[in-house]
Amino acid sequence: MKRRSFLKGLGAIPVVMSVGSLSLMAKDSKKPKSKNAISFKKALEVVTNGKGAKESDKVKLIVPEIAENGAVVPVKVNVDEPIENVKSIHILTTKNSNARSADVFLSPRNGKAYFATRIKLGGTQEVVAVAVLKSGRAIMAKKPVKVTIGGCG
Amino acid sequence: MQIDRRDFLHIAAALGLFGVGARASKRADDIKADDILDFNPVGKVTLLHICDMHAHLKPLYWREPSTLISAKNLVGTPGFLCGKAFLDFYGIKPGSLEAYFDTYLNFEELAKKFGKMGGVAHMKTIIDEIRRDRGRDNVLLLDSGDTWQGTAVALKTKGEAIVDAQNFLGVDVMVGHWEFTYGKERVMELIDKLNADFVSQNVVDNDPFSDNFEETVFDPYTIKEVGGAKIGIIGQSFPFTSTANPKRFTEGWSFGLRLDSLQGYVDELRKEKKVDCVVLLSHDGFSVDQEVARKVHGIDFILSGHTHDPGPRPITINGTTIIIAGSHGKFIGRLDIDIQKGRVKDFAYKLIPVASSLIPADKKGLELVDKWYRPYEKELSQKLGTTKGTLYKRDTFYSTFDALIGEAIRDTMDCEIAFTPGYRWGTTLLPGDDIVMDNIYEMTAITYPEVYTFELQGAKIASLLEDIADNVFNANPLYQQGGDMSRLTGVSYDIKINAPTGKRISNLKINGKEIEPNRNYVVSAWGGNLQNAGKNLRESKIKPVYEVVSSYVKRKGTIDISNRSNVNVLDVACGCPKKGGVC
């Protein structure tokens, strides 16, 4: 059992949780911010050069609905554009303290605008795949991934 | 009581059990069309469907839920119906054999009238009769899994007794979930013994050092020629096996819904393999499969399982028809398909109740059951005590058999809180029934039976409950895992089903006192992975749950469990709401 990842997954959920009037967990804001922290908003801004990205069917993002292990969540991105048109693929997350999980810069010698990897998710959130095109325009797709203790059967 | 006799005669006639004797002709006018086996055949192909037998070789009582709560958008839809809402939705007459099989209403009374349910010897009689009627080569028997686990004989033979029973029934194709809790190696050994194809498109090798990395562990599909047609059957094992059950059993295998690859196999079967009909044999759960039908195109039929729903009528979504055949061997689904010019033209379906007191047992079937029970008979038939009220499993938050298990754990382990998993399998005992060892196993027979005792912080208990609630009450079926809430002894709480994630539970009390977020509580739990979230595990106290419960029942003698739930639902007014939350 991956105890570390299990606890990590678990820890991320209660951040926003309170029971009745009782606030049970320390709020996120009380913790010192990591030097590597970068918000999703900021990350999207950086990778798209401030232009933002439009959701598009051309970006095909494959992630599990429920993570089997939050520490290694498989992510596949396929961009339905000729390789010459695609400059880079970026994988972002909406709630990790560092929202930038992967940046991949492509050249025509890659053959296909396709990339697969595994990323770490600190809790239930959305995974976002951004493709920056040669034109400078960016397109994206997003999907929620649940990180849970599981437990029924 | 007249019904028994009429139904029996009816079946007996249907099965040709009467010769030309005077008795048969005398009662012939008694035979009515609404017979258990009566069916207006369609086309040439018949698919017989079973799911979630949970290793019940012998007939049993199985009471359906009296509480089945879901997120608002799902209330009153198939998969979230029980009691009167169920009867009204499907147009079933209260007090009928169907009402007895499908709901909890008047269960004790109807149990006396109609008797036990299921059992392989009785299933065999029905299956053979349909094969005889339709022709052997025109019938397939498909099993949606959760077959190898759930009773003492299954556990003690590591699944072998059940594989023998499947071979005896003539299962042709199966998928899995609890099957995997015997561990990868044993699964492969049992598949070797099984005369059926084990198929799964969503179990993928995840071991980077393996030669088959990222390839499916089992054949994703099989193609069967039946009744002159080519049927492509894709397998879908339980997508969340590795989160719902210990990962160690399937280390190196990855699960998941994998709808993208599923769509790929559907297209491959249609375009390249030129099949006439595409079937998904699934252990996704009934509500998840309704989502699958919305998202994946080109599947003709989904034979669903996992959530234990009796589905008296098929439902069709986007041209995909979904059926599900209850649990514990209570039902056999019969699906007749008319295939013409490479397409499904028509179909007919019936959920056949395996009413074991009305359907004669197959002699060889009884011998098979006896063969596997004999070595353990002495232990399993041992009387431990009696129960005053009905002991049952199911229901969203609370059920009496679970409450008994929780009491036994608290009494034995000296803990403040006991967690019992929200599985949907088990057994039902009627008021006054003896509790024998076999019954304890029926509720607890798993390959990881350890009751762990450890410490858990108040805040963590609260967040765990929210996490579990978000799995059970998620508005999107794809994020549910198809079970009920974990059962807690020593804890009470209020819940608002439709509150946002992480904000459902309030008024959380431990043994009558408000929970203290920073205090550590002594918790005992089994059947999940809660112990990994705690600390100071009491290693010397670890004990199998069936031992804990059986010695407790023995100590107590008479078991008297309250029907009162420890959970107060704030935003749903009854256990079995209809659409719109109407009670």
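Two strands are taken to pair if DSSP finds at least two bridges between them, and that is the sense in which I will speak of pairing this morning. Please keep in mind throughout that what we have in front of us is a predicted model.

Let me apply that definition at once, in chain B, where E11(B) is joined to strand E12, residues 320-324, by three bridges, the two strands running antiparallel. Within that pair, B:Ile317 stands opposite B:Thr320 in E12(B). Helix H12 of chain B, residues 286-295, packs on the sheet here, where it touches E9, strand E10 (301-304), E11 and E12 of chain B, and its direction makes about 170° with that of E12(B).

The sheet in question is an open one of six strands, in the order E6-E7-E9-E10-E12-E11 of chain B, and its pairing is mixed. Its edges are formed by strand E6 (221-226) and strand E11 (315-317) of chain B, each of which has a single partner strand, so that one side of each is left without a neighbour in the sheet. From one strand to the next, the twist averages 25°. A further helix, H11 of chain B, residues 259-272, lies across E6, strand E7 (229-236) and strand E9 (277-282) of chain B, and runs at about 170° to E7(B).

Staying in chain B, I would like to move along to strand E23, which spans residues 520-525. How many of the six residues of E23(B) are buried? Five of them are, so far as the model shows, and the strand is accordingly described as mostly covered. E23(B) has strand E16 of chain B, residues 417-420, as one partner, joined to it by three bridges and running parallel, and in that pairing B:Phe419 has B:Ala525 as its bridge partner. Strand E18 of chain B, residues 450-457, is another partner, but here six bridges make the connection and the strands run antiparallel, with B:Leu456 bridged to B:Tyr521.

Following E23(B) in the sequence, the loop that leads to strand E24 (543-544) of chain B contains B:Gln531. Is B:Gln531 buried or exposed? Its relative accessibility is 16%, and because the limit for a buried residue is under 20%, B:Gln531 counts as buried. Setting aside residues up to four places away in sequence, B:Gln531 touches B:Tyr452, B:Phe454 and B:Leu537.

A second residue of chain B that I want to single out is B:Ile435, which has its place in strand E17, residues 434-436. With a relative accessible area of 0%, B:Ile435 is buried. Beyond its neighbours within four places in sequence, B:Ile435 is in contact with a list of residues that includes B:Gln382, B:Lys383, B:Leu384, B:Leu429, B:Ile440, B:Val553 and B:Ile559. The C-alpha atom of B:Ile435 is separated by 9.3 Å from that of B:Thr558, although the two residues are 123 residues apart along the chain.

Next, a pair of helices in chain B: helix H15, residues 400-413, and helix H16, residues 437-444, pack at an angle of about 95°, with their axes 11 Å apart. H15(B) and H16(B) are therefore roughly perpendicular to each other. In this packing, B:Phe401, B:Asp402 and B:Ile405 of H15(B) meet B:Asn439, B:Met443 and B:Thr444 of H16(B), and the residues of the contact divide into three nonpolar, two polar and one charged.

Let me finish with chain A, which has two helices and eight strands, following the pattern α-α-β-β-β-β-β-β-β-β when read along the sequence. Of its 153 residues, 47% count as buried, while the accessible surface of chain A comes to about 8,000 Å², with 52% of that belonging to carbon and sulfur atoms. If we take the contacts in chain A with a separation of 6 or more, residues 24 or more positions apart account for 65% of them.

Among the strands of chain A there is an open sheet of three, in the order E2-E3-E6, with antiparallel pairing. Strand E2 (59-62) and strand E6 (114-119) of chain A stand at its edges, and since each has a single partner strand, one side of each is left without a neighbour in the sheet. Neighbouring strands of this sheet are turned by 15° against each other on average, direction ignored. Four bridges join E2(A) to strand E3 of chain A, residues 73-79, and in E3(A) the bridge partner of A:Lys60 is A:Asn78.

Key
Residues numbered from 1 in each chain as written. Chains lettered and ligands numbered in written order. Predicted model: local features only at pLDDT ≥ 70, side-chain atom pairs only at ≥ 80, totals over all residues. Heavy atoms only, no water. Buried < 20%, exposed > 50% of the residue type's maximum accessible area, 1.4 Å probe, protein only. Contact = heavy atoms within 4.5 Å. Areas by Shrake-Rupley, 256 points an atom, 1.4 Å probe, with all protein chains shown as cover. Axes fitted to C-alpha atoms, helices over the stretch in contact; angles between N-to-C directions. Parallel < 35°, antiparallel > 145°, perpendicular 65-115°, else oblique. Nonpolar A, V, L, I, M, F, W, Y, C, P; charged D, E, K, R; others polar.
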